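Let's take a walk through this protein together, starting with the overall layout and ending at a single side chain. Keep the 3D view open beside the text as you read.

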Amino acid sequence: MADDDIIVKDSNGTQLHDGDSVTLIKDLKVKGSGGVTLKRGTLIKNIRLTYDEAEIECNADKVKGLVLRTEFVKKA
């Protein structure tokens, strides 16, 4: 399956692409990071799509190599 075959959508149903920016819609506790919490409204830039349509990869200010569920983000 090629990357073009997978359609990734945010919590509002807007299609996401590699390099897009997204905003968190919920406070998220990051497992394995020593208690870091990403607050609602945090802007995440330059996302990367994965082979799973429900997950994206990104880097936040406090956490590198983060995988987020698309149900918790909206396109910025």
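Start with the inventory of secondary structure: the protein has 10 strands and zero helices. Please bear in mind as you look around that this is a predicted model. If you trace the chain along its sequence, the pattern reads β-β-β-β-β-β-β-β-β-β.

Now zoom out to the overall dimensions. The C-alpha trace spans about 35 × 20 × 15 Å along its principal axes. How does the radius of gyration of the protein sit beside that of a compact globule with 76 residues? Such a globule would have a radius near 11 Å, and the protein has 12 Å, which agrees. Of the 76 residues, 32% are buried. The exposed surface of the protein comes to about 5100 Å², with carbon and sulfur atoms supplying 44% of that area. Contacts also link parts of the chain that are separated in sequence: taking those between residues at least 6 apart, 50% join residues at least 24 apart.

Next, pick out one of the sheets. Here three strands form an open sheet in the order β6-β3-β10, with antiparallel pairing. Which strands stand at the edges? They are β6 (43–44) and β10 (73–75), each of which has a single partner strand, so one side of each is left without a neighbour in the sheet. Strand β3, made up of residues 22–24, is joined to β10 by three bridges, and these two strands run antiparallel. To find this pairing on your screen, look for leucine 24, which stands opposite valine 73 in β10.

Finally, let's visit threonine 50. You will find threonine 50 in the loop between β7 (48–49) and β8 (55–58). Is this residue buried or exposed? Threonine 50 counts as buried because its relative accessibility is 16%, and the cut-off for buried is under 20%.

What does the side chain of threonine 50 reach? One polar contact is with the backbone oxygen of aspartate 52, at 2.9 Å. The backbone oxygen of glutamate 55 also lies 2.9 Å from a polar atom of the threonine 50 side chain. Setting aside neighbours within four places in sequence, threonine 50 is in contact with Ile6, Glu55, Ile56 and Glu57. So glutamate 55 turns up twice on this stop, once through its backbone oxygen and once in the list of contacts.

How values were computed
Residues are numbered from 1 along each chain as its sequence is written. This is a predicted model: local features need pLDDT of at least 70, side-chain atom pairs count only at pLDDT 80 or more; totals for chains, interfaces and linings use all residues. Side-chain values use heavy atoms; hydrogens and water are left out. Helices (H or I, at least four residues) and strands (E, at least two) are DSSP runs, numbered from the N terminus. Buried means under 20% relative accessible area, exposed over 50%, partly exposed in between (1.4 Å probe, protein chains only). A polar contact is a pair of N or O atoms within 3.5 Å; within protein, one must be able to donate a hydrogen and the other to accept it, and residues adjacent in sequence count only if both atoms are side-chain atoms. Contact means heavy atoms within 4.5 Å. Two strands pair if DSSP finds at least two bridges between them. The radius of gyration is taken over C-alpha atoms; the globule rule is 2.2 Å times the number of residues to the power 0.38. Accessible areas come from the Shrake-Rupley method with a 1.4 Å probe; for residues, only the protein chains shown count as cover.
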